[in-house]
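Hi,

Here is the structure I promised to pass on. Have a look at it first, and then read my notes below.

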Amino acid sequence: MRKFNHSSDLEGFRQELLEERKDITSTIIIPNGTCCQAANSLAVIKAILQEIARQGVDKNVQVHLTGCHGFCEQEPMILFEPGNIIYCRVTPEDAREIVGRTVKGSEVIERLLYTDPVSGKTARTEAEIPFYQAQDRQLLQHNKWVDPRSIKDYIAIGGYRALVKTLDSISPKTVVEEVRSSGLRGRGGGGFSTGRKWAEARSAPSDEKYVICNADEGDPGAYMDRCLLESNPHLIIEGMMIGAWAVGAQKGYIYVRNEYPLAVQHARLAVKQARDIGLLGENILGSSFSFDVEVARGGGAFVCGESTALMTSLEGKVGEPRPKDIHTVKEGLWNRPSVLNNVETWANIPSIIMNGSGWFASKGTKGSKGTKIFALTGQVKNTGLVEISMGTTLHDIVFNIGGGQKNGKAIKAVQTGGPSGGCLPLSKFDLPVDFDSLYEAGSMMGSGGMVVMDEGTCMVDVAKYFLKFLQDESCGKCVPCRIGVDRMLEIVTDITEGRGTREQITLLEELSETVAETSLCGLGKTAPNPVLSTMRYFADEYFAHVDEKRCPAGVCKALISYDILDEKCNGCGVCLRACPHGAIKGEKKKVHAIEPQLCLKCGICITECKFDAIAVG
Amino acid sequence: MIQTVTLTIDGVPVKAAKGASVLDAALEVGICIPHLCHVPFLQDTGACRICIVENVKNGSSRVTTSCTLTVQEGMNIQTNSEKIRKLRRNLAELLVAQAPNSKAIQDIAVRCGVKEVRYPFRNENCVQCGRCVRYCTEMWKANALGFVGRGKNRRVEFPFATRPDFCKNCGSCTLYCPMSITPCGGPMKRGEEHLCGKCESQAVTAPNIIGACTRCELGKGFSCTRHML
């Protein structure tokens, strides 16, 4: 590929690409992200390509493999453009019919269309699906047009135009001003004003500065950054280039965790492609600006998502946080001013430059502007990536986009912000989702994980789960995090196993405060949040565990017992055969009984029994 | 000439050399901030968190370790507020519950006002203050000791768990280890751990002078900088 030496070359190349592509009559889009591949999209793609080769279609039909389209529940999906027809849960066996009828015959196969589980209606296009209706997809909308392995696709949809605009006509100072007035706040969780961060880094005196993209996403149930980086890596690189121009950096790093192989692969490929055509390197597009990006892989430590730990890890040392009395924008990587932003923050930059800060600030609430991607998971009907304007209520997200409860149990809480966030009860579902209101309610925005919980979830158990996670992931450098979180886990385990006392609850509260106040880094400072928020909103569950030795949700094994209801059991013997521990006794056609000494409360009998005859109490 | 800055510690104006840590500045003028992982000639990492202070700025305060906090002109530091005393007590309680078999840790617990331990004792041999590792790395440049593992499994270890040739057998790691002296009553067996508390009379309890250094015996126990220099 040729190298571009002037900004007009890029525009010329775009025109050439559009000219080349104007004959394409229809496009088959098959999302192929990590989540899609887990849902067997590779087999579907293979089958479709084979069918196309076998049946022979018009040469102007193009097959396009892209990143995830967001609706992970219904994957693997196939989209058809023009017409925006969506097929859900496609299997390789459907390939023949799809190619034969839809591609060649322009006919819609009703059976593969999406059926809304709430209303029972089928939907043909994206606009008819409630999951997509309530969203405002600013960052995710590009995904379906861009093959992450092709820089041409990104340029064809108008990529790198913001960079050209910046290099041609906007001074670094104005870029910082623009980002500041857009009101963009860091999407990694802290919510620090990006513009202020850039301004500080810009004014810091140094011969060398760095911009870093934090793609070390590790919250359980969150995968927004993975999706963005593996679906549209050039968007991130463009954002980083604009940031580097603004603060005066010559070198950038994308720190991506090694557990995201596809993201690593796509990021590396994107960097190479950009370098090949002269968008990275010396004197980019003939300007005085030189910048290069390196992709660094993280070894999978959760704590390396913390800014100082990430930089220590980048320096090649053990990824442990450093004291942050001097900010990283002044002394960061190799003690040079460094701007560390999350993937999603970088992804927002090009559109702010293209459309202006006013456009960005017009979305969202007073303190939080723009859109935010959430990974909606848990006990809701529609799970997937959801991009909404800031200020949408939790109720809208869970019930309108998510489609409400899944297994017939009422929804009782939503956990936001991963291990650093908290659980918000149903009574708080009217809260607009933005940085400040979530923080006030005792949770936090976090990177965007959103786990919905129903009546079958024990909140003490949830707190225990997150403490266990944090105890495993704490680096162990400072006392409150290493010993304090361990002791908190000890207390919560006591509570879930029926040894808890009222004094321990008081101690847990006091310890939470100590850990939050005195820990070295953000991981420890926010570690008590899951405990504190569940204690704040679900105190009755804690007291039920401690005082009555009872688990209201029927989750904590030490506090529950299984019983067969005499009036419902008809003696079919299914549970008796299913029980791996031989704990169920009884004769055919007679009521069975569970021997408590042998029962390990695995729950297999409950799933096997067709008559709901087994009760947990 | 040494450049100095003026800051306020516990309401007292203090002059300190530019670039010094708040902990050093306070100890210099006889304000007692208990500390464990700090050794005067080694780099501070802020691991034990015992030396926490409140950094008051524009009406709001931030809790941070004084060993890693560099003095700045006009700083306002509270080393002994109600909040700090409570947090420090909780931290010392965590430490003494983890490793009661050490005079240094027991003394710190007394100094920080721990009266009872509300956690089950664990009786471990290391609190991971990192003095040995830093001494070995920074003073002798031997790198014979290092931290291995993460979180609960983090521990001090030789490279690949065998003593390397470049360990000069100097013994500094043992010398600076706070765990090397057992409590006065002798080592505590498993199940018999308790708060020693014999030196309680040494602790300054009068509320108005609680932050003043009296060069107490407790300091010897946890190798307080004032006793080391």
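Before the first finding, a word on helix angles: an axis here is a line fitted to C-alpha atoms over the stretch of helix in contact, and angles run from 0 to 180 degrees between N-to-C directions. Please also keep in mind that this is a predicted model.

**Where the two chains meet**

With that in hand, look at helix 20 (residues 502–518) of chain A and helix 2 (residues 82–98) of chain B: their axes come within 10 Å and cross at roughly 105°. Angles of 65 to 115 degrees count as roughly perpendicular, so helix 20 of chain A is roughly perpendicular to helix 2 of chain B. From helix 20 of chain A, the contact uses Glu510(A), Leu511(A), Thr514(A), Glu517(A) and Thr518(A). Helix 2 of chain B answers with Leu87(B), Asn90(B) and Leu91(B). By type, the residues of this helix contact come out as three nonpolar, three polar and two charged.

What about the interface as a whole? There, 25 residues of chain A are in contact with 24 residues of chain B. On the chain A side, at least two residues each come from helix 18 (459–473), helix 19 (479–496) and helix 20. Which of the chain A elements gives the most to that side? That would be helix 19 of chain A, with seven residues. The chain A side as a whole is a mix of ten nonpolar, six polar and nine charged residues.

**Chain A**

Chain A holds 25 helices and 19 strands. Its C-alpha trace spans about 85 × 65 × 40 Å along the principal axes. A compact globule of 617 residues would have a radius of gyration near 25 Å, and the 27 Å of chain A agrees with that.

The domain assignment cuts chain A into five pieces:

- domain 1, residues 22–128
- domain 2, residues 145–361
- domain 3, residues 371–454
- domain 4, residues 459–547
- domain 5, residues 561–616

I looked at the contact between domains 3 and 4 of chain A, whose C-alpha centres lie 22 Å apart. Eleven residues of domain 3 touch 14 residues of domain 4. On the domain 3 side, strand 13 (411–416) and strand 14 (422–425) of chain A each supply at least two residues, and strand 14 of chain A gives the most, with three residues. How many charged residues does the domain 3 side have? There are no charged ones, and the rest divide into five nonpolar and six polar.

Those two strands also pair with each other: strand 13 and strand 14 of chain A are antiparallel, joined over four bridges. One place to see this is Gln415(A), which stands opposite Cys423(A) in strand 14 of chain A. The hairpin they form has five residues between the strands, and in it Gly417(A) takes a positive phi near 85°.

There is also an open sheet of four strands in chain A, with the order 9-8-7-10 and parallel pairing. Its edges are strand 9 (292–298) and strand 10 (338–342) of chain A, each of which pairs on one side only. On average, neighbouring strands of this sheet are turned by 20° against each other, ignoring direction. Strand 7 (residues 210–215) of chain A is joined to strand 10 of chain A by five bridges, the two running parallel. If you want a spot to zoom in on, Ile212(A) stands opposite Leu340(A) in strand 10 of chain A.

**Chain B**

Chain B has seven helices and seven strands, and from the N terminus they run β-β-α-β-β-β-α-α-α-β-β-α-α-α. Its radius of gyration is 18 Å, close to the 17 Å that the globule rule gives for 229 residues, so chain B is as compact as a globular protein of that length. Along the principal axes, the C-alpha trace of chain B spans about 50 × 40 × 30 Å.

The domain assignment for chain B gives domain 1 (1–124 + 192–229) and domain 2 (131–175). The C-alpha centres of these two domains of chain B lie 26 Å apart. Their contact takes four residues from domain 1 of chain B and four residues from domain 2 of chain B. On the domain 1 side, those residues are three nonpolar, one polar and no charged.

Cheers

Technical notes: Residues numbered from 1 in each chain as written. Chains lettered and ligands numbered in written order. Predicted model: local features only at pLDDT ≥ 70, side-chain atom pairs only at ≥ 80, totals over all residues. Pairing = 2+ DSSP bridges. Domains from an automatic or database assignment. Contact = placed C-beta atoms within 7 Å. Nonpolar A, V, L, I, M, F, W, Y, C, P; charged D, E, K, R; others polar. Parallel < 35°, antiparallel > 145°, perpendicular 65-115°, else oblique. Rg over C-alpha atoms; globule rule 2.2 N^0.38 Å.
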